[in-house]
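Hi everyone, thanks for coming. I'd like to walk you through a structure that may be new to you, so please have a look at the sequence and the 3D view before we start.

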Amino acid sequence: MAISFLSKLSILTFLASLSLFSALAHDFSIVGYSPEHLTSTDKLIELFELWISKHGKIYESIEEKLLRFEVFKDNLKHIDRRNREISSYWLGLNEFADLSHEEFKSKYLGLKPEVFRKRQSPGEFTYKDVSELPKSVDWRKKGAVTPVKNQGSCGSCWAFSTVAAVEGINKIVTGNLTSLSEQELIDCDTSFNNGCNGGLMDYAFEFIMANGGLHKEEDYPYLMEEGTCEEKKEESEVVTINGYRDVPQNNEQSLLKALAHQPLSVAIEASDRDFQFYSGVSSFLLLKPFLHTICNRSPDDISGENAQGNKQE
């Protein structure tokens with residue numbers, strides 16, 4: 001059972017204050033706190049307890065909880081300061097608010113710059129001759145995106161980005177949206193990629209091609225940890241690709257051309273402390289040493305467009 005800072009009396013006061021908190025936090029609902037919470041230690045403790053309850057956090061000892069409270073308090077000060085300085089995005093008290101930034105990076109940033117290859121993907125950029133672009137494209141509305149998945153504390157973002165790209169092109173080509181297995185990549189694609197310790201989408205695309213496809217998620221479910229490669233699944237259905245392409249680096253127009261035609265697998269800057277707490281569209285996406293991958297939603301006519309702005313030639 002989680003250890004509480006609050007006495008029996010203060011618990012009653014805390015419960016009675018819930019409606020007050022809701023009113024105070026109305027204008028700050030997107031970030032999960034009100035400026036009022038920064039005015040005293042008691043209010044910070046109250047906010048911390050609310051946050052613990054919302055995210056189901058359990059600490060093993062009072063020492064651990066005290067440590068997490070100090071980290072939470074420091075993170076909140078950073079969040080509040082940055083929300084006063086910036087306007088292009090918000091920072092909020094999400095599930096990572098009790099982690100130091102070093103802890104967050106070690107657990108969740110799974111794209112490692114040192115594995116970037118120096119050669120381009122085979123073949124020319126598929127959409128180089130495209131001249132007309134739509135004003136907007138939402139691949140979710142076109143049914144080419146599966147529901148949001150959670151990688152947990154495994155640095156497997158490279159696998160999720162790869163899978164989302166393959167799921168998208170498979171829908172575009174076949175009309176079927178099939179949720180595919182990230183766990184298969186984590187367990188089996190080990191020649192160059194490193195499971196929960198990071199990887200690169202290019203290698204994952206190549207693994208899918210060489211392996212004859214990727215199995216459904218329901219046949220090879222996600223574990224949030226590295227497992228043993230299950231190779232005897234010949235009877236199960238797979239989704240295949242026959243190639244992939246890289247979007248030319250530092251070329252926004254090429255990125256738009258590709259994205260207008262299919263979902264894209266991309267690598268983004270995630271080493272900045274703001275990324276740990278951001279809500280909405282961020283403006284700090286230049287790539288740096290610690291990387292994270294997402295799907296802007298890639299492979300073309302059964303091939304992939306892998307946008308890596310920092311790819312070394």
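Let's begin with Glu 184, which counts as buried because its relative accessible area is 2%, under the 20% cut-off. Please keep in mind that what you see is a predicted model. Glu 184 sits in helix α7. And what is Glu 184 in contact with, leaving aside its neighbours within four places in sequence? The list runs Asp 189, Asn 211, Gly 213, Leu 214, His 215 and Tyr 220.

Helix α7 also brings us to the nonpolar cores. The largest nonpolar core has 24 residues, and the members that touch the most other members are Val 166, Leu 185, Phe 205 and Ile 208. Which elements give two or more residues to this core? They are α6, residues 157-174, then α7, residues 182-188, and α8, residues 201-211. The most comes from α6, which gives six residues. There is also a second, separate core, made of 18 residues, and Trp 51, Phe 69, Phe 72 and Ile 86 are among them.

Several of those names come back in our next stop, the pair α3 and α4. Helix α3 covers residues 41-55 and helix α4 covers residues 62-85; the two pack at an angle of about 105°, and their axes are 11 Å apart. With that angle, α3 is roughly perpendicular to α4. On the α3 side, the residues that meet α4 are Leu 44, Ile 45, Leu 47, Phe 48, Glu 49, Trp 51 and Ile 52. Their partners in α4 are Lys 65, Arg 68, Phe 69, Phe 72, Lys 73 and Leu 76. Sorted by kind, the residues of this contact are nine nonpolar, four charged and no polar.

Now have a look at Ala 97, in the loop between β1, residues 90-91, and α5. Is Ala 97 buried or exposed? With a relative accessibility of 0%, Ala 97 counts as buried. If we don't count residues up to four places away in sequence, Ala 97 touches Trp 51, Val 71, Phe 72, Asn 75 and Phe 277. Two of these names, Trp 51 and Phe 72, we have just met where α3 meets α4. Ala 97 also makes a nice link to Ile 52: the two are 45 residues apart in sequence, while in space their C-alpha atoms are 10.0 Å apart.

Following the chain from that loop, we reach helix α5, residues 101-108, whose buried residues are His 101, Phe 104, Lys 105 and Tyr 108. Why do they share a side of α5? They cover an arc of only 100° around the axis, so they are on the same side of the helix. As a reminder, an α-helix has 3.6 residues a turn, so residues three or four places apart point the same way. Glu 102 and Ser 106 are on the other side of α5, and they are exposed.

To finish, here are two backbone details. Met 224, in the loop between β2 (214-215) and β3 (238-239), is not a glycine, yet it has a positive phi of about 65°. Met 224 is partly exposed, with a relative accessible area of 41%. Asn 250, in the loop between β4 (245-246) and α9 (252-261), also has a positive phi, near 55°. Asn 250 is exposed, at 68% relative accessible area.

Thank you for listening!

Definitions and conventions: Residues numbered from 1 in each chain as written. Predicted model: local features only at pLDDT ≥ 70, side-chain atom pairs only at ≥ 80, totals over all residues. Heavy atoms only, no water. Axes fitted to C-alpha atoms, helices over the stretch in contact; angles between N-to-C directions. Helix = DSSP H or I, 4+ residues; strand = E, 2+ residues; numbered from the N terminus. Parallel < 35°, antiparallel > 145°, perpendicular 65-115°, else oblique. Contact = heavy atoms within 4.5 Å. Nonpolar A, V, L, I, M, F, W, Y, C, P; charged D, E, K, R; others polar. Buried < 20%, exposed > 50% of the residue type's maximum accessible area, 1.4 Å probe, protein only. Arc of directions from axis to C-beta. Core = buried A, V, L, I, M, F, W, Y, C linked by side-chain atoms within 4.5 Å.
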